[in-house]
Amino acid sequence: MSLEPISDGELRAALAPCRVDPASFEAEVRARLVIAERDQVNTPRLSRSPLFNAVAALLPLQLMTGCQTPDAAAKVAPIPLFYKLLSYLAFPALSLIALVVAAILSVQRIRGLESTYRSAPGQGSLNPQELRQWIRVHTPAWYAATSVILLVFMIGATWLVFLVYVGSFACLVLALSSLAKSGLGSRLTVSRVCAMGLMFLGQASGIRVGNNEIHFVDQYAVAMIFYAGFIGLIAVYLWCASSSVPLESSDWRENIYVRSLIGGVAFAALVFLMVKNGSPILSPCTPLRIKHYVESSPPVGHTSARFISWREWEIPARWTVDAQLHPDLSAAKRVLAEELEGEAHSSVLGSAFRMGLVRRDQIDLIHGPYQSYQDRITSIFSGLNLPMKSQSITFLEHYDWAIRAAVLKGDLTPERQAFLAARLHVNLDDLATKQHVQLEEALRATQLLELLQGPIERDRYRDTIHSLLRRFHCVGGGGFQFAGGFRTYANLSTGSFDATSHAVQLMEIYGIPAGIDLNWIRSYLKPSWRNRSEQWVAGATLLRLNNLPGATQPTYFQILYYERNILAALILVGLCCYATLLSPPPLQPSSNPDVPEVR
């Protein structure tokens, strides 16, 4: 068979229709690179600590690649010994096993002190001179341990704090052994030493722990556990003191036990106030409590910050309506009627219209500089009859109420409705390239399009919205701010509750983006020491998040791992109580008459 090759010119001419334009190809590639860089700015993969990198380096590369990597390529760089030793505790199963093993060994060692109590003489006696000498000898070790613990708690890494708690088991055992060998292991002394240690850990735990990591329970709960143990042990200490040394032996104003009692009562009152102020942790938001808040706590009107109050009230109120709880909004309608008598803010009007609080006859009552209904409608449709390309609606959140008012009054002709929908589509199309964008704009444009045209084409904008959500998701906190929320603007370093609520509502429409761990969002929205308005916003958003289509709930193992510090705190308090009850009771004054009175 003969072949007749064609010339290069004929070949180029035949393939010319299939050739890609170099300029458009380069522009498309550069645009995708910009979007990819934005998506990777705040991914969890880039913010992991050196400890987790060491953990990953411990895994065989052949195992991760299906045994398809040669041995030469599987060699990794040397790992510092410190990280290699500690990295094993980063594995969830190993950290929990280490906690259980440390607790069991501590219990066995404390039980073994019974023989020391029996062999050492005078364990139940009270010898202030020997106790002061014991404290003087161990003061340098106490200062060194205090400095290390405070440094660790200021860093705030959960795995470091977990090591402190596990190390506290050993410190407790060493202190008890030293007291027993010195003949000071009475219940009076043990309860006092353990109570002081728990009080210090409680104060240190409230500094800054776990802000940049996943936790389903606020880590202030750890401090409350230590404070509860402190109160219990102080009660035991005061009881033992009153039974070993009579209070009437000296002036009550000079008696150490009376002063301890007064101090204990004052500290208990302080802890009670902390517990009361931390009610979100002890009594989280439930559907019925959120409904009660929406009905009984309407927004505040006629104040400089009233638009903030309306926005914070709208989020839980919107959830109660979507959850079909049928809340009574009569109180909010009364506040709105008073608001319309003055110059209502556009944010207040937007919240009111979205919640269906405005009647048709109330629309003409809206007034203010450039705030009336007619002024806003004229501005929106100013380019209706001009032969120009559709433009996006700038500051959409300020025109949201006017568009809803036009739908309520029936003022939208088919021509106006098509023009308005085209402008809203431009808002959504510009999300990928617009520099200063907010998640609220994407949510409002989507909601308004559904109001005008019914269900939106979700597949058309799903990739854009998912890319935007990944770009705004923040897995790094700042200062005392928690990580895991969504930012108002992309250049901010911490999240906000409003933006997080908007993101969850977008995920309710467009689905959960790949690469976003919902546990981060749950950690950000957990009940915490927030003011009451933020408490309800976070609670309603968390309930909406847990009911998203395709949302998976955390497993029991994940909960135990993420809250391992709470488990360690409970075990440590239990060990202190167990050691106190196991120690011999103090001798009665009559059985040891030579003991001097303590002042």
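## Helix α20 and L439

L439 sits in helix α20, which spans residues 439-453. The model is predicted. L439 is buried because its relative accessibility is 2%, under the 20% limit. Beyond its neighbours within four places in sequence, L439 contacts L468, L469, F472, F486, R487, A499, H502, A503 and L506. For one of these contacts, L468, the C-alpha atom lies 7.8 Å from that of L439, with the two positions 29 residues apart in sequence.

## Overall makeup

The protein has 26 helices and zero strands. Of its 599 residues, 45% count as buried. Among contacts with a separation of 6 or more, 78% join residues 24 or more positions apart. The accessible surface comes to about 31000 Å², and carbon and sulfur atoms hold 61% of this area.

## Nonpolar cores

The largest nonpolar core holds 82 residues, and the members touching the most others are W313, L357, L469, F486, I521 and L545. Helix α22 (residues 497-510) supplies the largest share of this core, eight residues. Apart from this core lies another, of 53 residues, including L172, A195, F230 and A241.

L357 is in contact with W310, W313, L329, A332, K333, L336, A352 and Q362, leaving aside neighbours within four places in sequence. L469 and F486, two of the residues that touch the most other core members, are also among the contacts of L439.

## Salt bridges

The count of salt bridges comes to 15. In one of them, the side chains of R311 and E440 meet at 3.3 Å, N to O. R311 belongs to helix α14 (residues 306-322) and E440 to helix α20, so the pair links parts of the chain 129 residues apart. Both partners are buried: R311 has a relative accessible area of 17%, and E440 has a relative accessibility of 7%. R311 and E440 are also linked with R444 and D498 in a network of salt bridges.

Helix α14 takes part in another distant link, between D322 and R544 of helix α24 (residues 532-546), 222 residues apart. The side chains of R544 and D322 meet at 3.1 Å, N to O. R544 is buried, with a relative accessible area of 6%, whereas D322 is partly exposed at 40%.

A local salt bridge is formed by D459 and R462, at 2.2 Å, N to O. Both residues lie in helix α21, three residues apart, about one turn of the helix. D459 is exposed at 61% relative accessibility, while R462 is partly exposed at 25%.

## R470 in helix α21

Helix α21 covers residues 458-472 and includes R470. R470 is partly exposed, with a relative accessible area of 24%. The C-alpha atoms of R470 and I516 are separated by 6.9 Å, although the two residues are 46 apart along the chain.

## Cysteines

The structure holds zero disulfides. C577 is in no disulfide, and the nearest cysteine sulfur, that of C576, is 6.8 Å away. The cut-off for a disulfide is 2.5 Å between sulfur atoms, so a distance of 6.8 Å does not qualify. C577 is partly exposed, with a relative accessible area of 29%, whereas C474 is buried at 2%.

## A nonpolar surface patch

V20, F25, V29 and L33 make a nonpolar surface patch of about 370 Å². F25 is placed in helix α2 (residues 22-39). With a relative accessible area of 52%, F25 counts as exposed, because the limit for that class is over 50%.

Note on methods: Residues numbered from 1 in each chain as written. Predicted model: local features only at pLDDT ≥ 70, side-chain atom pairs only at ≥ 80, totals over all residues. Heavy atoms only, no water. Helix = DSSP H or I, 4+ residues; strand = E, 2+ residues; numbered from the N terminus. Buried < 20%, exposed > 50% of the residue type's maximum accessible area, 1.4 Å probe, protein only. Contact = heavy atoms within 4.5 Å. Core = buried A, V, L, I, M, F, W, Y, C linked by side-chain atoms within 4.5 Å. Areas by Shrake-Rupley, 256 points an atom, 1.4 Å probe, with all protein chains shown as cover. Patch = residues over 30% accessible without salt bridge, like charges linked within 9 Å, V, L, I, M, F, W, Y side chains within 5 Å. Salt bridge = Lys/Arg side-chain N within 4 Å of Asp/Glu carboxyl O.
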